[in-house]
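The exercises below concern the surroundings of a ligand and the layout of a sheet. Please work through each task with the structure open before reading its solution.

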Amino acid sequence: MSDQAVKTKVTTLPVPYPMQSRQDLIVASELETDLETLRHEHGPVVPALMPFGKGRAWIAIGYDEVQQVMSDERFVVWKHRGNDYPRLRFNEGHKPPFRMAFDKMDGPEQIARRRVLARHLSARRVMGMRDESRTLIEGFLDDFIAGGQGADLITQFVEHVPLAVISKLLGVPEDETDIFLEAALDHMNGRITTEEQANAHIMKVNEYFDHLVARKRAEPGEDLISALLGDMDGGIWDDEELGGVGFVLLTAGHDSTASIIGGILYWLAHDPERFRYLKENRDVLPRAIEEFLRVVPAGTGTRVRIATEDVEIGGVVVKKDDGIHPVVHPANFDERVYSDPHTLDFGRDEPAHLRFGFGSHACPGNQLARMEIREVLDAVLNRFASFEAVDQPANWRERMLMRGPKTLKVTWTLEKE
Ligand code: HEM
């Protein structure tokens, strides 16, 4: 298909594209190919059927259109939600016990809170966590290596890293993560299908963070919760809301980072030539990480927005009160923006990928995530002279919001000490 045809083609889809009926049944790899084909054949915004709520919505699957959905103030994440909010996850709550926090606000309220948070998640603050994170990561890697050849890199290394780093950031003691981890993971990964389950999980995590905030108020530490307690910016939030902030940072910051790190290591374990190249050319790593972030298939990554008025986008009109879901992955492969989009090219000099979103709700944890990815790659490239996947069928999480390899068994030779 020529560039011109890709640019102009907008035809009506006869039936809405099904975003699958149950999130745990999704074959995500098929979804990704499908969404690109859909863009080629029907244009950058097409009707879709979401599994929960009123179902009928739109999906944006072109680069410009995803950016527009994320930055046009006429699309909001929260204010106009109700029971019929079309959504991917059953439990994208809109009423208590779901706590209000900045991620569920729009406009000035959200921007003011994000400004405070940005002070504490800045590149400088994140660099301050680098040495401690490196020590943690090297320790996890030692344990993994001690497991012997053929050990599973995902469950025995990757999954430990973001949990330990986000817990350090929030001031959660290591031996307390078990209290809420399962509830927090279930909350994000979409396995929940009843209101009772959803509420029980949310209350469990809320309860933990209420205790944590009370403890940090009594005995502040060097962590983010203590820092935010000392920086309420004229009473911008209270302790209850701060508990909600802890909740959202934990749930948004753990699984997402583990999925991406898993995806990048999966690639390298199947591509010994690139592994060697990166070992010998560390200065390329920052660009390589950005290119991996563009191509690693990590799920849709975003929330549905609601239109507050009729909005024209990508050749269609999204009516007031209708939902539109910006889907990052196909946008990162849009031929209108990226030449030869399916080639992994560390020398690429093209617009930034949308893996961390765009606009006012763009990921506030992106510096932290980038630091973790860099430290993991450095540790792996330092310790292993060679590093390869053992022959095994691909075993990826088939989820829609976030996905990554479930297991990855590898063999290696170590660098000489
Ligand atoms: C590689 C790992 C990560 C990826 C790919 C990722 C991706 C994203 C994306 C695409 C969004 C925008 C969602 C939307 O517009 O609906 C987002 C938002 C968010 N992310 Fe991340 N993220 C990652 C790591 C993190 C980390 C480490 C943290 C915590 C420190 C975090 C916290 C959040 C929060 C709180 C939001 C909501 C922001 C808001 O609504 O204002 N993320 N993330």
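**Exercise 1.** Determine how the shell around the ligand divides into nonpolar, polar and charged residues, and which element gives the most to the shell.

*Solution.* The shell divides into 14 nonpolar, 8 polar and 4 charged residues, where Ala, Val, Leu, Ile, Met, Phe, Trp, Tyr, Cys and Pro count as nonpolar, Asp, Glu, Lys and Arg as charged, and the others, Gly among them, as polar. This is a predicted model, in which local features need pLDDT of at least 70 and side-chain atom pairs count only at pLDDT 80 or more, while totals for chains, interfaces and linings use all residues. Residues are numbered from 1 along each chain as its sequence is written. Of the 26 residues around the ligand (C-beta atom, placed from the backbone, within 6 Å of it), Asp103, Gly253, Gly357, Cys363 and Gly365 come nearest. Helix H12 (239-269) and helix H16 (366-383) each give two or more residues to this shell, and H12 gives the most, with 7 residues; helices (H or I, at least four residues) and strands (E, at least two) are DSSP runs, numbered from the N terminus.

**Exercise 2.** Establish the strand order of the open sheet, and explain which strands stand at the edges.

*Solution.* Begin with S2 (residues 45-49), which pairs with S1 (residues 17-18) in the parallel sense over 2 bridges, pairing being assigned if DSSP finds at least two bridges between two strands. On S3 (residues 56-60), S2 pairs in the antiparallel sense over 5 bridges, and Pro47 has Trp58 as its bridge partner. Next, S3 runs parallel to S8 (residues 323-326), joined by 3 bridges. The full order is S1-S2-S3-S8-S5-S4, with mixed pairing; S1 and S4 (75-76) each have a single partner strand, so one side of each is left without a neighbour in the sheet.
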